[in-house]
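Biologist: I'd like to learn how to read a model like this one, feature by feature. Could you walk me through it?

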Amino acid sequence: MKEREAWATKIGLILSMAGNAIGLGNFWRFPRMLAANGGGAFMIPYFIALLLLGIPLMWVEWATGRYGGKYGHGTLGPMFYVMARESVKPKKALIFAIIGGMLAFSVTTLLNSYYIHVIGWTAAYSIYSATGAYYGVDTVNFFFDHIANFPMVMATWLIPMILLFIAAFRGVSKGIEAFNKVMMPLLYVFAVLLAIRSITIGSPVRPDWSSFAGLNYIWKPDFETLSKNFWVISLAAAGQIFFTLSLGMGIIQNYASYVRKGDDIALSALTTASLNEFAEVILGGSIAIPIAYAYLGPEVVKSGSLGLAFMALPNVFTSMGEVGRFFGTIWFLLLFFAGWTSAIAMYNYLTALLEEDLNINRRIGAVLVFLIYLFLGLPVALDSSLTYFAELDNWVGSYILVLLGLFDVIVAVWLFKPNNLWKELHEGAAIKVPTFFKYFLMTLTPIYILILLVGTTIDYYNAGVFAQADPLIIQARIAIIIILILGAIEAYLAVSRKYKEELAKNEVIVKVE
């Protein structure tokens, strides 16, 4: 079997894994979810979800990835197959491989098809901030004028696309790791700089609109608001944990598959989660909300809209005068770096899929993935109403990844067996994971995920999501169905080609390759 690439350094692995997790979810999505769901009321179920879902699933996905890497697998379909066959016959294990491969393929193709566009917006707004383009104009209209400006949207969308292609083309250590070693430290420097500026700023409008009032809104426990909207806020918090840690996407498993046998994954996974939470809760929570609170007041902040980053904060930077150009540029560069380091993980997943599952040369695969994203991203670029974008996000970014998280537990815990998972997790481990997390994974974690799925389905039904018939919504749903089918076919071909003999006999022939 051809020797697979591996991470060149431990710090490169940690920074790349952290870069995968630390994305727009930390600095763009988290502040608006936090603001829209009661501030301190949101943080209570958020930390509960981190304990019951986030950290346990991080260990599961790291262990799944390294175990699959021992067999030469970097994608979820074959990984699920080699784990599931511990408990079921190969032909039944193939079913779980198809489900896992199908869901991971849909997330890494469709989510990135619109996620890269948001990164493109940040690139555009970095330029707009530096030039002062949105100074003296209505920033809401300015944003919608931007997304309707097709040449500008295409030009700034291609900036992250080309950088993603270069990194994937160069490989894991020379491309992804090298880029992350530069981008991640810069991300933290920019975030700390902005956080310090945010929490030390006074309100030029009203004294009670200070940045400290914004911090108080975030950190003061609000049990009254939580009790009134417990279901909605809890679902939002759990969904944010999935999104921010990049769970249920297959990309943690992909990165972990390049970890060498015997290297620590227990502490590495915990370190990755900790770096992400520091970036999200401490830095992300200390930038957008306090600074918007000081300049725009509580009502704008509590709306928690998409506009918090692209419509509201430009008003803040404008109010700062010329120095606002500097802080605006730094803010949007921060968003750019955060988004890019997550997008490369999804790009690499598809590149690895073509290389390892379909025997396509990595460099050719990187070109093909570029073309796939170009094709799938065009409908997003052409839709200035963001209807197509929102429908993809509803299903791919908020539902399918949670569903895949459930199958992570079914396969890697129940079928692979809890003791086998625990043994894999602790091989070469620098820490001992408390045993109660194993029991969390067997019971509380899957129950929590099921509640999240059922609750989201009910919310969608009550909101009339299923009944919507806008042509762009129908187009998005057709795209999702087609990609799911293609993902299922790809997973079937990948596993049936590599394990043809044992599938024919329906008996496990080789346990380790």
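Modeller: Sure, let's start with one residue: Ile 116 is found in helix α5, residues 90-131. Helices here are DSSP runs of H or I with at least four residues, strands are runs of E with at least two, and both are numbered from the N terminus. Bear in mind that this is a predicted model, where local features need pLDDT of at least 70, side-chain atom pairs count only at pLDDT 80 or more, and totals for chains, interfaces and linings use all residues. Residues are numbered from 1 along each chain as its sequence is written, and side-chain values use heavy atoms, with hydrogens and water left out.

Biologist: Is Ile 116 buried or exposed?

Modeller: Buried means under 20% relative accessible area, exposed means over 50%, and partly exposed is in between, with a 1.4 Å probe and protein chains only. Ile 116 has a relative accessible area of 1%, so it counts as buried.

Biologist: And which residues does Ile 116 touch?

Modeller: A contact means heavy atoms within 4.5 Å. Leaving out residues up to four places away in sequence, Ile 116 touches Trp 157, Pro 160, Met 161, Leu 164, Ala 343 and Tyr 373. Trp 157, Pro 160, Met 161 and Leu 164 are among the buried residues of α7, and so are Val 153, Met 154, Thr 156, Ala 167 and Ala 168.

Biologist: How do I check that α7 has the span expected of a helix?

Modeller: Take 1.5 Å times one less than the number of residues. The 21 residues of α7 should span 30 Å, and its end C-alpha atoms are 30 Å apart, so the two agree. Just after α7, Gly 171 has a positive phi of about 105°.

Biologist: Let's stay with that helix. Where does Val 153 sit, and what does it touch?

Modeller: Val 153 is in α7, which covers residues 150-170. Val 153 has 4% relative accessibility, so it counts as buried. Not counting residues up to four places away in sequence, it touches His 117, His 146, Ile 147 and Ala 381. Its C-alpha is also 8.0 Å from that of Ala 124, 29 residues away in sequence.

Biologist: What about the other side of the contact with His 146?

Modeller: His 146 lies in helix α6, residues 139-148. With a relative accessible area of 2%, His 146 is buried too. Beyond four places in sequence, it touches Trp 121, Ala 124, Tyr 125, Tyr 128, Met 152, Val 153 and Thr 156. Ala 124 thus turns up again, as a contact of His 146.

Biologist: Which residue would show me the partly exposed class?

Modeller: Try Leu 270 in helix α13, residues 266-296. Its relative accessibility is 29%, so it counts as partly exposed. Apart from neighbours within four places in sequence, Leu 270 is in contact with Ile 55, Trp 59 and Ile 431. Its C-alpha is 7.7 Å from that of Met 58, although their positions lie 212 residues apart along the chain.

Biologist: How should I read a positive phi outside glycine?

Modeller: Most residues other than glycine have a negative phi. Here, Ser 246 has a positive phi near 60°. Ser 246 is in the loop between α11 (230-244) and α12 (251-256), and it is buried at 4% relative accessible area. Leu 386 is another case, with a positive phi of about 65°. That residue lies in the loop between α17 (362-382) and α18 (387-415), and it is buried with a relative accessible area of 12%.

Biologist: What sits over the aromatic rings of Phe 243 and Tyr 135?

Modeller: A charge sits over a ring if NZ of Lys or CZ of Arg is within 6 Å of the ring centre and within 35 degrees of the ring normal. Arg 29 lies over the face of Phe 243, 4.5 Å from the ring centre. The charged end of Arg 325 is over the ring of Tyr 135, 5.5 Å from its centre.

Biologist: Zooming out, how many helices and strands does the chain have?

Modeller: There are 22 helices and zero strands. Buried residues make up 62% of the 513 residues. Among contacts with a separation of 6 or more, 85% join residues 24 or more positions apart. The C-alpha trace spans about 75 × 50 × 50 Å along its principal axes.
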